[in-house]
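Trainee: I have a structure open and would like to learn how to read it. Could we go through it feature by feature?

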Amino acid sequence: MRDLKGQYAKIQQEIDEAVLRVMRGGQYINGPEVGMFAEALQDYTGAKHVIPCANGTDALQIALMALGLKAGDEVIVPAFSYISPAETVELLGLTPVIVDVDPDSFNLTAKNIEKSISATTKAIIVVHLFGQSCDMSPIMDFARKIHLSVIEDNAQSLGVYYTLPPTPLYRGLDERKQTGTMGHVGCTSFFPTKNLGCYGDGGAMMTNDDDLAQKLKMIANHGQRQKYHHEMLGCNSRLDTLQAAILNVKLKYLNDSATAHRRVAKIYTEGLKDVPGIVTPKEEPFSTHVYHQYTLKVGGGKRDALQQYLAEQGIPTTVYYPLPLQEQPAFRYTVRVAGPLTVAKELSRSVLSLPMHVDLTEEQQRYIIEKICTFLTKQP
Ligand SMILES: Cc1ncc(COP(=O)(O)O)c(C=O)c1O
């Protein structure tokens with residue numbers, strides 16, 4: 001699905017030098033590379049503050065803690081997503097409200113959020129899934145209207161641009177913002193397979209709010225501003241100096257890898273768009289797409305058989321995600337489920353993600369496309 005070793009081989013000299021510098025420098029915790037990386041990511045994303053932390057799940061948990069929510073407050077999360085948003089909400093004694101997603105983009109929409117709120121709903125976690133932005137403008141308008149906090153889970157979409165709808169002031173101008181910089185807090189992950197992946201765990205939060213930035217920083221560091229003076233409860237969530245040094249190298253290549261992913265996606269889409277029984281990913285007009293995943297919808301209940309057939313042909317695929325959140329045993333009794341969540345259920349039965357990385361050759365892709373066509377056109 002990814003070629004992590006191949007990626008490393010291409011930039012090995014730069015990475016090895018960066019790692020050796022840290023090893024020789026001896027500042028393994030909070031070394032200068034961590035601050036350098038936070039600044040570089042601020043420049044890249046346009047966020048006013050970037051606060052590195054240990055992983056993307058911690059980023060979400062710290063963001064929720066910084067927003068000052070009370071036990072029992074409801075937080076909206078998408079039904080079709082990775083577990084971290086709902087998990088962190090639940091761990092903090094808050095109530096996840098599981099909301100259905102859009103069948104084409106797989107993302108939360110303002111309309112679905114609006115239908116699902118109650119008097120105790122206090123925040124929303126939107127997840128920009130698979131490398132494409134949620135439609136943030138209507139979501140932020142609604143959130144502002146009823147004073148909801150918005151956390152953007154940008155673990156899969158770092159480097160994605162959202163185009164704001166034209167306003168009288170900006171009519172005709174293409175005003176764009178990066179995902180993770182539009183809500184109150186943006187959270188991301190540097191897990192090795194992410195758009196910007198390190199060689200271990202890593203994460204970051206971003207915000208344009210000075211007070212929130214201060215709180216996020218303190219919570220990630222045991223609630224202290226000054227060493228051994230703990231003003232609030234926090235946790236220990238640091239980005240290792242080694243990982244920061246690696247990320248400083250890899251950030252330079254983030255746009256190139258997004259361009260390469262789009263090239264790979266175009267070949268898949270052109271080869272698969274007319275194959276009966278599958279739907280290729282929809283590109284939303286308001287978002288760039290960096291194809292963190294290239295995810296097909298396979299109809300007619302054939303997804304699992306197709307996956308099995310492709311595995312026999314030496315083609316790896318993954319199902320992100322085989323269960324919608326409402327069917328995860330961990331959440332069975334503790335969440336509020338907003339509506340029948342039929343889209344999330346259907347997606348979990350039909351999605352299939354194909355190999356996606358910068359070194360996938362056209363020949364390899366032609367082989368994958370041919371095998372998918374063979375299976376779907378020959379199977380009754
Ligand atoms: C959408 C989403 N949110 C959060 C996370 C959590 O990130 P991490 O693994 O760094 O904790 C992931 C990682 O897989 C993710 O895909």
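Trainee: How many bridges join strand β13 to β15, and do they run parallel or antiparallel?

Mentor: Keep in mind that this is a predicted model. As a general idea, strands of a sheet pair through backbone hydrogen bonds, either parallel or antiparallel. Here, β13, which covers residues 294-298, is joined to β15 by four bridges, and the two run antiparallel. To find the pairing on screen, look for Thr-295, which stands opposite Ser-353 in β15.

Trainee: In what order do the strands of that open sheet come?

Mentor: The order is β12-β13-β15, three strands with antiparallel pairing. β12 (278-279) and β15 (351-354) are the edge strands; each has a single partner, so one side of each lacks a neighbour in the sheet.

Trainee: Which strands pair with β8?

Mentor: Take them in turn. Strand β5 (residues 149-153) runs parallel to β8, with three bridges between them. Glu-152 is a useful marker, as it stands opposite Gly-186 in β8. Strand β9 (residues 203-207) runs antiparallel to β8 and is joined to it by four bridges. There, Cys-187 has Met-205 as its bridge partner.

Trainee: What else does β5 pair with?

Mentor: Strand β4 (residues 121-127) pairs with β5 in the parallel sense, over five bridges. One pair to look at is Ile-125 and its bridge partner in β5, Ile-151.

Trainee: Are the two faces of β8 covered or exposed?

Mentor: In a regular strand the side chains alternate between the two faces of the sheet. For β8 (residues 185-189), five of its five residues are buried. Val-185, Cys-187 and Ser-189 are on one side, with Gly-186 and Thr-188 on the other, so to read it by the definition, each has under 20% relative accessible area. β5 can be read in the same manner: Ser-149, Ile-151 and Asp-153 lie on one side and Val-150 and Glu-152 on the other, all buried. With five of its five residues buried, β5 is therefore largely enclosed by the rest of the structure.

Trainee: Which residues touch the most other members of the largest nonpolar core?

Mentor: In soluble globular proteins, nonpolar side chains tend to be buried together. The largest nonpolar core here has 88 residues, and those touching the most other members are Phe-80, Ile-124, Met-136, Met-205, Tyr-268, Leu-272 and Ile-372. Helix α4 (residues 56-66) gives the most to this core, six residues. There is also a second, separate core of 25 residues, which includes Ile-15, Met-206, Ala-245 and Ile-246.

Trainee: What does Ile-124 touch?

Mentor: Leaving aside residues up to four places away in sequence, its contacts include Val-75, Leu-108, Ile-139 and Ile-151.

Trainee: How far apart are Ile-368 and Tyr-268 in sequence and in space?

Mentor: They are 100 residues apart in sequence and 8.7 Å apart in space, C-alpha to C-alpha. Ile-368 lies in helix α13 (residues 362-378). Its relative accessibility is 4%, so Ile-368 counts as buried. Beyond residues up to four places away in sequence, Ile-368 touches Tyr-268, Ile-315, Leu-354 and Pro-355.

Trainee: Which residues form the nonpolar patch on the surface?

Mentor: Leu-20, Met-23, Tyr-28 and Ile-29 form it, with about 370 Å² of accessible area together. Ile-29 sits in the loop between α2 (12-25) and α3 (32-45). Ile-29 counts as partly exposed because its relative accessibility is 45%.

How values were computed: Residues numbered from 1 in each chain as written. Predicted model: local features only at pLDDT ≥ 70, side-chain atom pairs only at ≥ 80, totals over all residues. Heavy atoms only, no water. Pairing = 2+ DSSP bridges. Patch = residues over 30% accessible without salt bridge, like charges linked within 9 Å, V, L, I, M, F, W, Y side chains within 5 Å. Areas by Shrake-Rupley, 256 points an atom, 1.4 Å probe, with all protein chains shown as cover. Salt bridge = Lys/Arg side-chain N within 4 Å of Asp/Glu carboxyl O. Buried < 20%, exposed > 50% of the residue type's maximum accessible area, 1.4 Å probe, protein only. Core = buried A, V, L, I, M, F, W, Y, C linked by side-chain atoms within 4.5 Å. Contact = heavy atoms within 4.5 Å.
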